[in-house]
Amino acid sequence: MVDQALFSSDRMDWGTPEAFYNRLDCEFAFTLDPCATAQNAKCARFYTPEIDGLGQPWPGTVFVNPPYGREIGDWVRKAYQEAQAGATVVMLIPARTDTAYWHDWIMRASEVRFVRGRLTFEGASNSAPFPSCVVVFRPGCEGPPTLGAMPAKDAPLFRVKETVDQKDNVTLNRGNGARPAGVPAGAWLEEKEINGCGPYRYWRWIEGGRRRAQYAGKAGQAKGKT
Ligand SMILES: C[S@@+](CC[C@H](N)C(=O)[O-])C[C@H]1O[C@@H](n2cnc3c(N)ncnc32)[C@H](O)[C@@H]1O
């Protein structure tokens, strides 16, 4: 017998397609999946319904594909709150722009990336009956989010090698005076390898709700030394 829930929008456990997740993981290097079971967790560190991921802290770089029931708004609010506490939270959710959660919380995110077409979720044989988007909450974000599209499947990948903890890094860089003019307190450093070259360093910060970046040189070279 066919499980009708698999093909209806009532289903709660839409597994993230592996290739879709890998593309995001290449960019963000996730450290926590707070919506999972031991069978479908995307990260080595995860929370299950028994532990209740909604009631736990979300440190680090978090990937969230929440249960798509009425409680989805609670997960989106939690993502915003954890970003205020210093996390980077990336969510895969239905692109329902008329909902209260969209207006209350997603309008305060850093970025919305719309998915072209419909995703075929893990374990489903048909594409989803709803459009999807990826929402990025960066530390301290207040929106409005920048709008974009998920990159084409053959777009070059780049991997975040290391995202330095924002608060520690600010202290460190204030301490040795290495934060250059024009880069405000609260900025953090990211180190990336791009197409096998680098790693390159970038100062990143949020200004007026928008992401800003300044190239800080190749790691190990004078410009990038901190
Ligand atoms: C949409 S699925 C995502 C599964 C997987 N993380 C992925 O991305 O493919 C949502 C998962 O959240 C789990 N879940 C539901 N309520 C939860 C809670 N309070 N705390 C943690 N996980 C929960 C469900 O069991 C389900 O496995």
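Which residue of strand 4 does valine 112 stand opposite? I started my notebook with that one, and the partner is valine 135. Before going further, I noted that I am working from a predicted model.

**Entry 1: the whole protein**

I counted the elements next and found four helices and nine strands. Reading from the N terminus, I wrote their order down as α-β-α-β-α-β-β-β-β-α-β-β-β. I then looked up burial, and 27% of the 226 residues are buried. I also checked how far along the chain the contacts reach. Of the contacts between residues at least 6 apart in sequence, 62% join residues at least 24 apart.

**Entry 2: the sheet**

I followed valine 112 into its sheet. This is an open sheet of five strands, ordered 1-2-4-3-5, and the pairing is mixed. Why is one side of strand 1 and of strand 5 left without a neighbour in the sheet? I found that strand 1 and strand 5 (146-149) are at the edges and have a single partner strand each, so one side of each stays unpaired in the sheet. I put the twist from one strand to the next at an average of 20°.

A reminder to myself: strands of a sheet pair through backbone hydrogen bonds, in a parallel or an antiparallel way.

I looked at strand 3 (residues 111-114) from both sides. With strand 4 it runs antiparallel, and four bridges join the two. On that side I also noted arginine 113, whose bridge partner in strand 4 is valine 134. Towards strand 5, strand 3 pairs in the parallel sense, over four bridges. There, valine 112 stands opposite leucine 147.

**Entry 3: helices on the sheet**

I turned to what lies on these strands. Helix 1 (residues 18-28) lies across strand 1, strand 2 and strand 4, and runs at about 160° to strand 2. Helix 2 packs on the sheet as well, where it touches strand 1, strand 2 and strand 4. The direction of helix 2 makes about 160° with that of strand 2.

I spent some time on helix 2 itself. It covers residues 72-84, which is 13 residues, and spans 19 Å from its first C-alpha to its last, close to the 18 Å expected. Which residues of helix 2 are buried? I listed Trp75, Val76, Lys78, Ala79, Tyr80, Glu82 and Ala83. Their cover includes strand 1 (61-64), strand 2 (88-94), helix 3 (100-104) and strand 4 (132-137). Just past the end of helix 2, I noticed that glycine 86 has a positive phi of about 115°.

**Entry 4: alanine 95**

I picked a loop residue next: alanine 95, between strand 2 and helix 3. Is alanine 95 buried or partly exposed? I found 17 C-beta neighbours inside 10 Å, so alanine 95 counts as partly exposed, since being buried takes 20 or more. Leaving out residues up to four places away in sequence, alanine 95 touches Phe114, Pro131, Ser132 and Cys133. I also looked up its distance to valine 134: the two are 39 residues apart in sequence and 8.5 Å apart in space, C-alpha to C-alpha.

**Entry 5: the ligand**

I finished with the ligand. Which of the 21 residues around it come nearest? They are Gly15, Thr16, Cys35, Gly53 and Asn65. I sorted the shell by class and got nine nonpolar, seven polar and five charged residues.

Notes. Residues numbered from 1 in each chain as written. Predicted model: local features only at pLDDT ≥ 70, side-chain atom pairs only at ≥ 80, totals over all residues. Near = placed C-beta within 6 Å. Nonpolar A, V, L, I, M, F, W, Y, C, P; charged D, E, K, R; others polar. Buried ≥ 20, exposed ≤ 12 C-beta atoms within 10 Å, placed from the backbone. Contact = placed C-beta atoms within 7 Å. Expected span 1.5 Å × (residues − 1). Pairing = 2+ DSSP bridges. Axes fitted to C-alpha atoms, helices over the stretch in contact; angles between N-to-C directions.
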